[in-house]
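Thanks for coming. I have one structure to go through today, so please have the sequence and the 3D view open while I talk.

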Amino acid sequence: AARLPFYCCAITLQPWQDPCCTFAGQGDADGTVFDLTSVVPYIQARKSHPVTGGALKLADLVRLTFHKNLEGQFWCPVLNKVF
């Protein structure tokens with residue numbers, strides 16, 4: 001099976017605008033990346049992880065910051081490499 005590109009929300013399957021992920025090590029959190037505007041209403045309504053179905057709280061989400069180079073590609077500012 002093909003993997004979802006890292007820049008896409010695991011709920012909408014569309015590129016995210018405001019990325020966040022589940023904080024690995026907290027309950028059923030596994031580091032899945034979501035768009036904040038999609039995952040917050042989901043968790044508020046269902047109190048569960050959209051992918052695994054396990055328990056998930058809003059406090060288990062971590063906002064992410066990604067950087068883009070001049071060509072609009074995501075890159076690591078530490079390694080100075082596109083990913």
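I will go from the overall layout to the strands, then to the aromatic rings, the cysteines and one threonine.

First, the status of what you see. This is a predicted model, so confidence comes before anything else. The protein chain has a mean pLDDT of 88, and 92% of its residues reach 70 or more. If we go element by element, helix α1, residues 36-46, has the highest mean pLDDT, at 97. The lowest belongs to β5, with a mean of 84. Please keep β5 in mind, as I will return to it for the rings.

Now the layout. The protein chain contains 1 helix and 6 strands, and along the sequence these follow the pattern β-β-α-β-β-β-β. The C-alpha trace spans about 40 × 25 × 25 Å along its principal axes. There are 83 residues in the protein chain, and 29% of them count as buried. Taking the contacts with a separation of 6 or more, 35% are between residues 24 or more positions apart.

Next, the strands, starting with β1, residues 19-22. Which strands does β1 pair with? One is β2, which runs antiparallel to β1 and is joined to it by 3 bridges. Another is strand β3, residues 61-63, again antiparallel and again over 3 bridges. C20 is a convenient residue to click on here. Its bridge partner in β2 is F34, and in β3 it stands opposite R63. As for the side chains of β1, P19 and C21 point one way while C20 and T22 point the other way, and all of these are buried.

There is also an open sheet of 3 strands, in the order β4-β5-β6, with antiparallel pairing. β4, at 67-68, and β6, at 81-82, are the edge strands, each pairing on one side only. Between β5 and β6 there are 2 bridges, and W75 has V82 in β6 as its bridge partner.

On to the aromatics. A pair of rings is described by the distance of the centres and the angle of the planes. How many aromatic pairs are there? The count is 7. Take Y7 and F74: their ring centres are 6.5 Å apart and the planes are at 20°, so this pair is stacked. Y7 sits in the segment before β1 and F74 in strand β5, residues 74-76, so the pair ties together parts that are 67 residues apart in sequence. Is Y7 buried or partly exposed? Y7 is partly exposed, at 36% relative accessible area, while F74 counts as buried at 15%.

F74 also pairs with W16. Here the centres are 5.5 Å apart and the planes are at 55°, so the pair is tilted. W16 is in the segment before β1 and F74 is in strand β5, so this pair ties together parts that are 58 residues apart in sequence. Both W16 and F74 are buried. Taken together, ring pairs link F6, Y7, W16, F66 and F74 into a cluster.

Now the cysteines, as someone usually asks. How many disulfides does the structure hold? The number is 0. Why is there no bond at C8? The closest cysteine sulfur to that of C8 is in C9, 8.5 Å away, which is too far for a bond. For C9, the closest cysteine sulfur is in C20, at 7.8 Å, and that is also too far for a bond. C8 is buried, with a relative accessible area of 8%, and C9 is buried as well, with 0%.

Last, T32. Where does T32 lie? It is in the loop between β1 and β2, the latter at 33-35. T32 has a relative accessible area of 14%, so it is buried. Its side chain makes a polar contact of 2.5 Å with the side chain of D30. Leaving out residues up to four places away in sequence, T32 touches A10, C20, C21, T22, H49 and V51.

To close, three things to look at in the viewer. One is C20, with F34 as its bridge partner in β2 and R63 opposite in β3. Another is F74, one of the residues in the ring cluster. The third is the contact between T32 and D30. That is what I have.

Terms used:
Residues numbered from 1 in each chain as written. Predicted model: local features only at pLDDT ≥ 70, side-chain atom pairs only at ≥ 80, totals over all residues. Heavy atoms only, no water. Phe/Tyr/Trp six-rings, centres within 6.5 Å; stacked < 30°, edge-to-face > 60°. Helix = DSSP H or I, 4+ residues; strand = E, 2+ residues; numbered from the N terminus. Buried < 20%, exposed > 50% of the residue type's maximum accessible area, 1.4 Å probe, protein only. Polar contact = N/O pair within 3.5 Å; in protein donor to acceptor, adjacent residues only side chain to side chain. Contact = heavy atoms within 4.5 Å. pLDDT = per-residue confidence, 0-100. Pairing = 2+ DSSP bridges. Disulfide = S-S within 2.5 Å.
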